[in-house]
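User: I would like to go through this structure in a series of short questions. Please give the reasoning behind each answer.

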Number of protein chains: 2
Amino acid sequence: MQDGPISLLEGLATTRAIRRFRPDPIPDEDLASILWHASRAPSGSNRQPFRFLVLRDGPRARQARALLGEAFRAEWQAKRTADGYDRGSGVAPNTRKARMAAAMQQFVDRFEETPVVVLACHEPYRALTPFDGANVYPACQNLLLAARALGYGGVMTMWHVLVADRLREVLAIPADVFLAATIALGRPQGSHGPVRRRPLGEVVYEDGWGESARWAVDPPGTAFAGGPRRSG
Amino acid sequence: MQDGPISLLEGLATTRAIRRFRPDPIPDEDLASILWHASRAPSGSNRQPFRFLVLRDGPRARQARALLGEAFRAEWQAKRTADGYDRGSGVAPNTRKARMAAAMQQFVDRFEETPVVVLACHEPYRALTPFDGANVYPACQNLLLAARALGYGGVMTMWHVLVADRLREVLAIPADVFLAATIALGRPQGSHGPVRRRPLGEVVYEDGWGESARWAVDPPGTAFAGGPRRSG
């Protein structure tokens, strides 16, 4: 346990995707605080088109969670095959890839037991453009960071796309609302910790595209991971 | 001055858009730290397609900043007229609207003096969809929060769209890269503080679209602001 609350910088550095949850529920006051901090995020002209549809144990919530679980299991099965999680380092014991596969399998197998599921939505005020992500994804990131601050964890996924139409029916979501993300939340089974990213020099340029910035160096102890190879 | 570093929750609650900057530069090590924390954000399959193009005083940076200043002044002039900043509460002394107008005017008038400008970009690995915002806007939010933690502030805008093609030429940005946001950064002239948002009950639903969640209540002292009225 640490003394006192986690600092802003430490929170940014150590909030990682959490996919395995303890069964503990999230009390209403914690959930309200998580969503309140989410809604402090900026949006264009402070319009705040973000909407958070919480799915717990209501009758429609259960139906929606079952649809999501079905979609997530199908998506993970497809990714598991496509990305080679069933061969090589994906099946070797104790590799990062094998641990990731196990966490993903548990995530989708037990999705219906996830303590809280939040559908992050964007209520449109004009035709949707890729810029509209700026009206909802900063709030999603604030949501995940606030969860971390209160001892929870979560992960954001777009695997709901497979069942988006059926979700709209069950939850009465208007056709023009953008279902931006599904966020699973709960008390982590594992722990948070430093995340792995590309070396900073690969993502920071100065004065021109692809021009490396010599000052853009990672602090000592940074753990690295490149993204998956580009397909096609 | 506060004792010790700002907490994660306080940072989320009090990071607001900063548009008026002191002339102080941002030292390289602070800028590296801000961008490092930005790049801890999640992205789909940890692909990390976010790229940050920093514009300070390099020859192409100056050209790009001049283009941006030109675009921002034109955009603000149009918004100033369209949104009635030149009449009613927009010209009454000491209204929020008048203070906002003054801050925006200073922001665009002195844009070229902004200590650091960051173009947040998304390097595509497939055709761009609105979901791809989830690969870059969480990183933008982390960037703004990290700046806050280190005593800086900033604002995200999309007003670069007017000059996007000319920016690509000057900065050699490939045609398929998405210019997701322009972020201005510097030491604030004013101060951070609680932001104003809609009442939480307006943005949180449970079990169905539009169904209010009784537990979704704002903490005491919350300041409110609705978004602008929908146009048309």
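User: What span should helix 3 (residues 59-82) of chain A have, and how far apart are its end C-alpha atoms?

Analyst: The model is a predicted one. Helix 3 of chain A has 24 residues, and at 1.5 Å a residue the expected span is 34 Å. This agrees with the distance between the end C-alpha atoms, which is 35 Å.

User: Which elements cover the buried residues of helix 3 of chain A?

Analyst: The buried residues of this helix include A:L67, A:L68, A:F72 and A:W76, and charged residues such as A:R65, A:E75 and A:R80 are also on the list. Their cover includes strand 1 (50-55), helix 4 (96-109), strand 2, strand 3 (153-157), helix 6 (164-171) and strand 4 of chain A.

User: Which residues form a cluster with A:F72 through ring pairs?

Analyst: A:F72 is one of the buried residues of helix 3 of chain A. Ring pairs link A:F72 into a cluster with A:F107, A:F111 and A:W159.

User: Which residue with a positive phi follows helix 3 of chain A?

Analyst: The phi in question is near 70°. The residue that follows the helix with this value is A:G84.

User: How is chain B related to chain A?

Analyst: Chain B can be laid on chain A by a turn of 180° with a shift of 0.0 Å along the axis, and the RMSD is 0.0 Å. That relation is the one of a two-fold axis.

User: Why can it be said that the copies meet through the same surface?

Analyst: The argument rests on the interface residues of chain B. The copies meet through the same surface because the share of these residues that are also interface residues in chain A is 100%.

User: What is the geometry of the aromatic pair of A:F131 and B:F178?

Analyst: Over all chains, a search of the whole structure finds 16 aromatic pairs. In the pair of A:F131 and B:F178, the planes are 50° apart, the pair is tilted, and the centre to centre distance is 5.1 Å. A:F131 lies in the loop between strand 2 (116-122) and helix 5 (137-149) of chain A and B:F178 in strand 4 (residues 178-186) of chain B, so this pair joins two chains. Both A:F131 and B:F178 are buried, and the geometry asked for is tilted, at 5.1 Å and 50°.

User: Is A:F178 buried or exposed?

Analyst: A:F178 forms a tilted aromatic pair with B:F131. The relative accessibility of A:F178 is 11%, and the cut-off for a buried residue is under 20%. A:F178 therefore counts as buried.

User: Which charged residue sits over the ring of B:Y152?

Analyst: The charged end in question is 4.2 Å from the centre of the B:Y152 ring. It belongs to B:R187.

Key
Residues numbered from 1 in each chain as written. Chains lettered and ligands numbered in written order. Predicted model: local features only at pLDDT ≥ 70, side-chain atom pairs only at ≥ 80, totals over all residues. Heavy atoms only, no water. Least-squares fit on C-alpha atoms with pLDDT ≥ 70 in both. Contact = heavy atoms within 4.5 Å. Phe/Tyr/Trp six-rings, centres within 6.5 Å; stacked < 30°, edge-to-face > 60°. Helix = DSSP H or I, 4+ residues; strand = E, 2+ residues; numbered from the N terminus. Buried < 20%, exposed > 50% of the residue type's maximum accessible area, 1.4 Å probe, protein only. Lys NZ or Arg CZ within 6 Å of the ring centre and 35° of its normal. Expected span 1.5 Å × (residues − 1).
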